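User: I am new to reading protein structures. Could you take me through one, feature by feature?

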Amino acid sequence: MLEQGKFDERRDSVRAKRIITVRHRLVEHNGKKTDSMWQLSTTEDMSLSGLLFVGAAAYHTGDI
């Protein structure tokens, strides 16, 4: 059982605390093209298998 606020680490790679600016936008949602504006966010951490950033726009599985 995990403590509240903790989660089981499932990454294959080690995380590195790096703060980098990320420019992103949603291109396709539910198979339909979108015309969303670019957003700026900063990374929380990153690894060889991906990165975590917090942004104002919510993305869902399958979004491009």
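User: Let us start with one residue: is T43 buried or exposed?

Analyst: The general idea is to compare the relative accessible area with a cut-off, and a residue under 20% is called buried. T43 has a relative accessible area of 3%, so T43 is buried. Keep in mind that this is a predicted model.

User: Where is T43 found, and which residues is T43 in contact with?

Analyst: T43 is found in strand β4. For contacts, the idea is to set aside the neighbours within four places in sequence and to look at what remains. For T43 that leaves R18, I19, I20, V22, L51, L52 and F53. One of these residues, I20, also takes part in a polar contact: the side chain of T43 reaches the backbone nitrogen of I20 at 2.9 Å.

User: Which elements does the whole chain have?

Analyst: Here the idea is to list helices and strands in order from the N terminus. The protein chain has 5 strands and 0 helices, and its elements run β-β-β-β-β.

User: How do I read a sheet, and what is the strand order in this one?

Analyst: For a sheet, read the order of the strands and the sense of their pairing. The order here is β1-β4-β5, in an open sheet of 3 strands with antiparallel pairing. The edges are β1 (21-24) and β5 (50-54), and each has a single partner strand, so one side of each is left without a neighbour in the sheet. Direction ignored, neighbouring strands of this sheet are turned by 50° against each other on average.

User: How many bridges join β1 to β4, and over how many do β4 and β5 pair?

Analyst: Take each pair in turn. β1 and β4 run antiparallel and are joined by 4 bridges. In this pair, H24 has Q39 in β4 as its bridge partner. β4 and β5 pair over 5 bridges, also in the antiparallel sense. On the β5 side, V54 is the bridge partner of T42, and L51 is the bridge partner of M46.

User: What do β4 and β5 form, and how many residues are between them?

Analyst: β4 and β5 form a hairpin, with 2 residues between them.

User: Let us look at S47. Where is S47 found, and is S47 buried or exposed?

Analyst: S47 is found in strand β4, which covers residues 39-47. The same reasoning as for T43 applies: the relative accessible area of S47 is 17%, so S47 is buried. The side chain of S47 also makes a polar contact of 3.1 Å with the side chain of S49.

User: How far is S13 from S47 in sequence and in space?

Analyst: The idea is to put the two separations side by side. S13 and S47 are 34 residues apart in sequence, and their C-alpha atoms are 5.9 Å apart in space. S13 has its place in the segment before β1. Not counting residues up to four places away in sequence, S13 touches S47, L48 and S49.

User: And V14: is V14 buried or exposed, and which residues does V14 touch?

Analyst: V14 is found in the segment before β1. With a relative accessible area of 73%, V14 is exposed. V14 touches M46 and S47, again leaving out residues up to four places away in sequence. V14 and L48 are 34 residues apart in sequence, with a C-alpha to C-alpha separation of 7.7 Å.

User: What do such values look like for the whole chain?

Analyst: Of the 64 residues in the protein chain, 12% are buried. The accessible surface of the chain comes to about 5,800 Å², and 54% of this surface belongs to carbon and sulfur atoms. Among contacts between residues at least 6 apart in sequence, 45% join residues at least 24 apart.

Notes
Residues are numbered from 1 along each chain as its sequence is written. This is a predicted model: local features need pLDDT of at least 70, side-chain atom pairs count only at pLDDT 80 or more; totals for chains, interfaces and linings use all residues. Side-chain values use heavy atoms; hydrogens and water are left out. Buried means under 20% relative accessible area, exposed over 50%, partly exposed in between (1.4 Å probe, protein chains only). Contact means heavy atoms within 4.5 Å. Accessible areas come from the Shrake-Rupley method with a 1.4 Å probe; for residues, only the protein chains shown count as cover. A polar contact is a pair of N or O atoms within 3.5 Å; within protein, one must be able to donate a hydrogen and the other to accept it, and residues adjacent in sequence count only if both atoms are side-chain atoms. Two strands pair if DSSP finds at least two bridges between them. Axes are lines fitted to C-alpha atoms, for helices over the stretch in contact, and angles run from 0 to 180 degrees between N-to-C directions.
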